[in-house]
Amino acid sequence: MLELVIFDVDGLMIDTESVWKEAFDKAGDKYGIPDLGDTLFPSLIGKRLEDEQELLNRLLPSDIQDKLLNEWRQMGLSSLEKEVPVKPGLYEMLDFLEQHHIKMAVATTTRRDLTEQRLKKIGVYDRFEYVLCGDEVTKRKPDPEIYLSVLHKMNTKAENAIVLEDSSVGVEAAYRASIDCIQVPDLIAPTEVQKEQTICIVKDLIEAKDYIKENRVHNATK
């Protein structure tokens, strides 16, 4: 029986990746490297820190790397302070789970202060029973630590939970935690690996809600 749904944040609930992509384009243009949002940014999504740095060292000139990345971060953060774009179907998903008395939690690699700020800005922070952030665990996704920690905190078995993720590293983390995962891809298309590691791949949270309704809630009440 489904007792708990665990949400990722960036790229799943809020459309941060399109904001960061646009910021990369603007920062790249400023330093004479056009189209970074299309060339570099997709390659960074879901990368481990060490792999991310190796890629940056290879693709960005060392003399402007720090300045360009600082410009990118400032542009992205400034945009998100003004407006946090919500992914389609988020509020409908939360309403549905609340109506069926299914617990909700958050597991994100983003640090606590930014996560709280953004979730409060779109009015959903208080709808989750537990929020676990990247600066509160020792290992990043795809390590399963963050999902196992949420299960422990919520006193829920893996077989009674579902994870909602957009990225390949998030999907892998859920898979390694033995939790069923629904992937809602954002900028990066799923591969055969994600197809094997998920129970389904959907286009948005509305389809994810429909899947849960038909397969994990509706059937349980028959």
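This is a short selection-by-selection tour of a predicted model.

**Stop 1: the sheet**

Select the strands. Six of them form an open sheet in the order 3-2-1-4-5-6, paired in parallel. Look at the edges next. Strand 3 and strand 6 (200–201) stand there, each with a single partner strand, so one side of each has no neighbour in the sheet.

**Stop 2: strand 1 and its two partners**

Select residues 4–7, which make up strand 1. Four bridges tie strand 1 to strand 2, and the two run parallel. Leu 4 has Lys 103 as its bridge partner in strand 2. Now turn to strand 4. Strand 1 also runs parallel to strand 4, again joined by four bridges. Here Phe 7 is bridged to Leu 164 of strand 4.

**Stop 3: strand 2 to strand 3**

Select residues 103–107 for strand 2. Four of the five residues in strand 2 are buried, leaving the strand mostly covered. Add residues 130–132, which are strand 3. Three bridges pair strand 2 with strand 3 in the parallel sense. One of the links sets Val 106 against Val 131 of strand 3. Trace the connection: from strand 2 the chain passes through helix 7 (residues 112–121) to strand 3, a right-handed β-α-β crossover.

**Stop 4: Ala 105**

Stay in strand 2 and pick Ala 105. Is Ala 105 buried or exposed? Its relative accessible area is 0%, so Ala 105 counts as buried. Show the surroundings. Beyond its neighbours within four places in sequence, Ala 105 is in contact with Leu 4, Val 5, Ile 6, Phe 7, Phe 128, Tyr 130, Val 150 and Met 154. For a distance check, measure to Ala 23: the C-alpha atoms are 29 Å apart, with the two positions 82 residues apart in sequence.

**Stop 5: the largest nonpolar core**

Which residues have the most contacts inside the largest nonpolar core? Select Phe 7, Met 13, Phe 128, Leu 164 and Ile 212; the core has 33 residues. Strand 1, helix 6 (90–99), strand 2, strand 4 (161–165) and helix 11 each supply at least two residues of this core. Helix 6 gives the most, with five. Zoom in on Phe 7. Apart from residues up to four places away in sequence, Phe 7 touches a set that includes Met 13, Leu 90, Met 93, Leu 94, Leu 97, Ala 105, Phe 128 and Leu 164. A second, separate core has 21 residues, among them Val 137, Ile 146, Ala 158 and Ala 173.

**Stop 6: helix 6**

Select Leu 90, Met 93, Leu 94, Phe 96 and Leu 97, the buried residues of helix 6. Why do they lie on the same side of helix 6? They cover an arc of only 160° around the axis, which puts them there. Show what covers them: strand 1, strand 2, strand 4 and helix 11 are included. Step past the helix to His 101, where phi is positive, near 55°.

**Stop 7: Arg 216**

Finish in helix 11, residues 205–217, at Arg 216. With 16% relative accessibility, Arg 216 is classed as buried, because the cut-off is under 20%. Draw the side-chain pair: Arg 216 makes a polar contact with the side chain of Asp 180 at 3.1 Å. Then select what Arg 216 touches beyond residues up to four places away in sequence: Leu 2, Glu 159, Asn 160, Ala 161, Ile 162, Asp 180 and Tyr 211.

Definitions and conventions:
Residues numbered from 1 in each chain as written. Predicted model: local features only at pLDDT ≥ 70, side-chain atom pairs only at ≥ 80, totals over all residues. Heavy atoms only, no water. Buried < 20%, exposed > 50% of the residue type's maximum accessible area, 1.4 Å probe, protein only. Polar contact = N/O pair within 3.5 Å; in protein donor to acceptor, adjacent residues only side chain to side chain. Contact = heavy atoms within 4.5 Å. Pairing = 2+ DSSP bridges. Right-handed = clockwise from strand over helix to strand, strands pointing away. Core = buried A, V, L, I, M, F, W, Y, C linked by side-chain atoms within 4.5 Å. Arc of directions from axis to C-beta.
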